[in-house]
Amino acid sequence: MTITLKEGHFSSFFQTPFVIYGPDVPFVSPLRSELRSAVQFSKNPFFPNGDGIFYTAFQDGKLVGRICAHVHHAANMRHGERAASFGYFDCVDDGEVAQALLEAAEAFGRARGCDLIRGNMNLTAHQEIGVLTEGAENPPFLAQIYTPAHIAGLLEACGYTASKPMTSFIKDDLETYEPERLLGARHRDLMQQDGFVFRPFDMRRFAEETERIREVLNAAMQENYLYMPMTAEQARFQLGPLKMIMDPSLVMMAEHDGDAIGVTLCLPDINPMLRQMRSRLWPWGWWTALRMRRRLKGASIIIILVKPAYQSRGVTRVLTYLLMQALQQGGYTHVGGTWIGDDNLPSLRSAQAVGMKPYHRLHMYEKSLS
């Protein structure tokens with residue numbers, strides 16, 4: 001059978017996972033419009049040099065896979081490497097198709113002087129990363145990556161090696177959970193101390209509040225895996241669309257003497273709605289959204305972050321308590337958490353303290369290009 005790759009054809013790129021996976025695989029796509037914005041590399045502020053490309057694979061005229069390849073030059077300079085990345089790797093369980101797609105991504109990286117390629121990265125460490133190695137039967141929460149079980153095997157067969165082990169988590173007993181158990185005397189004292197304020201996100205000052213989130217994000221994650229400080233333009237690009245779905249009671253801000261020192265960014269899990277809509281607003285997706293929005297009972301924790309100078313003072317625990325309380329008051333029954341690396345012991349302990357359970361096991365996959 002003949003495998004051909006089509007470059008830059010967005011309609012087939014978007015449609016591929018719906019065609020190849022079928023209704024029993026719990027894959028969820030971003031909204032069509034958001035995916036298009038992400039892979040328009042000439043306009044995506046995370047890629048000022050426009051260094052990205054995407055391919056769709058056809059086998060005898062039938063859609064069988066897709067992949068995106070990209071190079072983040074500023075991140076390479078920051079981390080002292082020459083790495084390309086692949087993302088949105090979705091493929092039928094066929095080694096020849098996988099090899100054709102991956103070889104195209106590898107060629108893109110080599111042409112730009114890279115000696116390593118890794119993925120999935122959709123599209124940077126600010127977004128979804130990884131390949132599922134356990135838990136593929138579990139549907140993803142919002143901002144959690146999802147790949148069927150065979151994808152890891154295809155990568156290994158094509159010479160890729162697993163690295164960076166990670167876990168995502170779930171808490172499915174919110175209705176009976178007692179948030180008060182999170183607080184000790186020092187946490188209660190902190191909530192009463194002069195100068196400390198813990199409050200929900202103010203939607204009336206959306207731009208100002210998202211800038212404060214960016215400030216905390218850059219301070220708290222500067223040492224994290226592949227992290228690249230986020231610019232104001234990038235923050236607007238990534239956080240702006242969240243305004244449509246945000247429940248401000250789930251976005252808690254911590255301040256000290258007026259300065260932002262911590263944040264929880266938790267969003268209603270709209271993935272069941274996106275799956276029902278097939279990630280399209282038109283022609284009838286908007287009707288599905290209106291009908292389902294009030295029935296959503298899940299939420300997704302994107303970040304719980306505190307600036308380094310305050311990480312040992314109990315701020316994280318207070319923010320977590322307030323979030324769990326807000327989830328209960330909002331009628332949410334379960335919450336998921338995005339990936340935590342095995343080497344991030346403080347975050348793993350925080351997840352354990354809340355009683356979250358492992359949900360997905362993920363790894364990055366990488367290969368030498370030299």
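The following dialogue works through how several descriptions of this predicted model are reached.

Biologist: What makes the protein as compact as a globular protein of its length?

Modeller: The secondary structure of the protein comes to twelve helices and 15 strands. Its radius of gyration is 21 Å, and the globule rule gives 21 Å for 370 residues, so the protein is as compact as a globular protein of that length. Along the principal axes, the C-alpha atoms fill a box of roughly 70 × 45 × 35 Å. Of the 370 residues, 55% count as buried.

Biologist: Why is Phe13 called buried?

Modeller: The term buried requires a relative accessible area under 20%. Phe13 has 0% relative accessibility, so Phe13 counts as buried. By the same cut-off, Phe54 is buried because its relative accessible area is 9%.

Biologist: Why is the pair of Phe13 and Phe54 called tilted?

Modeller: A pair of aromatic rings is described by the distance of the centres and the angle of the planes. Centres must lie within 6.5 Å, and planes under 30 degrees apart count as stacked, over 60 as edge-to-face and the rest as tilted. The search of the whole structure finds 13 aromatic pairs. For Phe13 and Phe54 the centres are 4.7 Å apart and the planes stand at 45 degrees, so the pair is tilted. The pair links distant parts of the chain, with Phe13 in helix α1 (residues 10–21) and Phe54 in strand β2 (residues 52–59), 41 residues apart.

Biologist: What makes the pair of Phe46 and Phe237 edge-to-face?

Modeller: An angle over 60 degrees is needed for that term. The planes of Phe46 and Phe237 are at 70 degrees, with 6.4 Å from centre to centre, and the pair is edge-to-face. Phe46 lies in the loop between α2 (32–39) and β2, whereas Phe237 lies in helix α8 (residues 232–239), so the pair ties together parts that are 191 residues apart in sequence.

Biologist: Why does Phe237 count as partly exposed?

Modeller: Partly exposed covers the values between the cut-offs of 20% and 50%. Phe237 has 29% relative accessibility and therefore counts as partly exposed. Its partner Phe46, at 2%, counts as buried.

Biologist: Which charged end sits over the ring of Phe14, and how is that known?

Modeller: For an arginine, CZ must be within 6 Å of the ring centre and within 35 degrees of the ring normal. The charged end of Arg32 sits over the ring of Phe14, 5.5 Å from its centre. Phe14 also belongs to an aromatic cluster with Phe10, Phe18, Tyr21 and Phe27. Arg66 lies over the face of Phe13, at 4.7 Å from the ring centre.

Biologist: What makes strand β4 mostly covered, and how does it pair with strand β3?

Modeller: In strand β4 (residues 83–91), nine of its nine residues are buried. Strand β3 (residues 62–70) and β4 pair in the antiparallel sense over five bridges, and Gly65 stands opposite Cys91 in β4. With strand β5 (residues 116–119), β4 pairs in the parallel sense over three bridges; there Ser85 stands opposite Arg118 in β5. Together with helix α4 (residues 95–111), β4 and β5 make a right-handed β-α-β unit.

Biologist: Why is Ala309 called exposed?

Modeller: Exposed requires a value over 50%. The relative accessible area of Ala309 is 62%, so Ala309 is exposed. Ala309 lies in the loop between β13 (298–306) and α11 (315–329).

Terms used: Residues numbered from 1 in each chain as written. Predicted model: local features only at pLDDT ≥ 70, side-chain atom pairs only at ≥ 80, totals over all residues. Heavy atoms only, no water. Buried < 20%, exposed > 50% of the residue type's maximum accessible area, 1.4 Å probe, protein only. Helix = DSSP H or I, 4+ residues; strand = E, 2+ residues; numbered from the N terminus. Pairing = 2+ DSSP bridges. Right-handed = clockwise from strand over helix to strand, strands pointing away. Phe/Tyr/Trp six-rings, centres within 6.5 Å; stacked < 30°, edge-to-face > 60°. Rg over C-alpha atoms; globule rule 2.2 N^0.38 Å.
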